[in-house]
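Here is a short report to read alongside the model. Have the viewer open and follow along.

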Amino acid sequence: MRPALPALLLALLAILAGADAVWVMLGQFALDGGSFARLSLLSAGLLMGARFYQTIRPEPRLAAMLFGTGFLCAFSLGASLLNYLLLTRAGARIDVELAALDRALGFDWPRAMAWMAQHPRLNLAALIAYSSMLPQVALLTIALATVEEADVYRFCAGLALSALSCIAIWSFAPSFGAFSVYPFAAGTMKLALDPAYGHDLARLLRDGPGLISPRDTKGLIGFPSYHAVLALLVMWHARKIRILRWPAIILNSAVLLSTPIQGGHHLIDVIAALPVAALAIFVAGLRGDAQSSVKSSLLVNKQESFPITLFPTGGFRITAGQKRESAASAIKSKLSGVS
């Protein structure tokens with residue numbers, strides 16, 4: 001039998017942690033070990049709690065909630081560390097080419113920023129929408145657990161697969177966004193990520209990561225935009241929860257629109273998030289559906305008996321009235337083929 005989705009997710013965490021540990025030791029990177037250890041212990045505690053409520057005191061929804069929280073914490077830690085380690089092996093930047101592609105599509109990033117600077121209320125709404133992404137992921141993990149625990153594992157798988165896809169693409173062709181290419185006057189509008197942030201990312205690629213600490217981790221990936229991928233995944237998985245469906249669609253549509261401004265991304269970064277999210281949803285869904293089918297078949301096969309309740313007790317008992325009829329001869333004639 002194929003391993004269950006939670007087991008595969010735990011195996012992914014183990015592989016990621018092992019790869020990071022070996023690379024850090026061989027490359028002699030400077031690491032904030034204390035911060036990484038504390039977050040690792042927190043993740044381990046959540047995953048152990050999930051195991052407890054899966055096996056010792058079965059509470060599937062609570063187990064899924066703890067597992068999802070612990071997995072996302074541990075995976076974020078391992079994936080961000082891997083991304084930083086890849087700074088020393090990444091290819092040549094493609095931001096200039098992406099900016100040219102944006103202009104070919106009719107999108108002028110400096111002009112869009114200048115227009116948004118003239119609409120402070122709209123810019124504030126964009127800032128709020130863009131900044132809501134991580135809280136949305138945390139809240140949706142809890143909400144999915146209260147409805148259908150299997151959806152939590154699918155959601156985690158989608159987040160992990162899409163993150164690894166973005167990291168793989170970035171490692172071959174790194175990019176940091178439009179704000180690392182164009183000059184822009186800082187302070188003219190309130191931004192989640194300002195131009196100085198983009199220049200810091202370019203410096204990391206040029207000079208190396210230095211001390212790697214989860215307290216000062218930056219989002220390195222420009223193309224495809226993982227922020228946009230998260231918005232698409234949240235919209236997809238929230239559609240099953242009626243009370244969250246339309247708020248998630250509206251809010252995350254705003255996230256997608258605000259990503260080039262508040263995140264300093266190229267427009268093509270957001271467009272490229274679509275196939276990444278679609279592929280992650282497809283692959284995670286295949287595994288999740290297969291697991292659900294196996295679970296359903298096991299439940300059917302383990303059913304010990306199927307009581308028949310179509311007829312009341314005594315329905316086949318011969319009564320005095322029935323004895324007076326010649327039922328036996330009638331049945332015999334039909335069985336013998338005589339009409």
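The notes below cover an acidic residue, a threonine and a nonpolar surface patch.

## About the model

This is a predicted model, in which local features need pLDDT of at least 70 and side-chain atom pairs count only at pLDDT 80 or more, while totals for chains, interfaces and linings use all residues. Residues are numbered from 1 along each chain as its sequence is written, and side-chain values use heavy atoms, with hydrogens and water left out.

## D20 in helix α1

Start with D20, which sits in helix α1 (residues 5–27); helices are DSSP runs of H or I with at least four residues, numbered from the N terminus. D20 is buried (under 20% relative accessible area, 1.4 Å probe, protein chains only).

D20 has no salt bridge (a side-chain nitrogen of Lys or Arg within 4 Å of a carboxyl oxygen of Asp or Glu). The nearest side chain of opposite charge is R89, 13 Å away; Lys and Arg count as positive, Asp and Glu as negative, and His and the chain ends are not counted. Beyond neighbours within four places in sequence, D20 contacts G78, L81, L82 and L85 (heavy atoms within 4.5 Å).

## T141 in helix α7

Next, find T141 in helix α7 (residues 133–147). T141 is buried, at 2% relative accessibility. Setting aside residues up to four places away in sequence, T141 touches M65, G68, T69, L72, V152 and F155.

## A nonpolar patch

On the surface, L161, L279, F282, V283 and L286 form a nonpolar patch (nonpolar side chains, Val, Leu, Ile, Met, Phe, Trp or Tyr, joined within 5 Å, from residues with over 30% relative accessible area and no salt bridge). Together they have about 450 Å² of accessible area (Shrake-Rupley method, 1.4 Å probe, with only the protein chains shown counting as cover for residues).

Helix α12 (residues 267–301) gives the most to the patch, with four residues. L161 lies in helix α8 (residues 149–172) and is partly exposed, with a relative accessible area of 32% (partly exposed runs from 20% to 50%).

Note on methods: Helix = DSSP H or I, 4+ residues; strand = E, 2+ residues; numbered from the N terminus. Patch = residues over 30% accessible without salt bridge, like charges linked within 9 Å, V, L, I, M, F, W, Y side chains within 5 Å.
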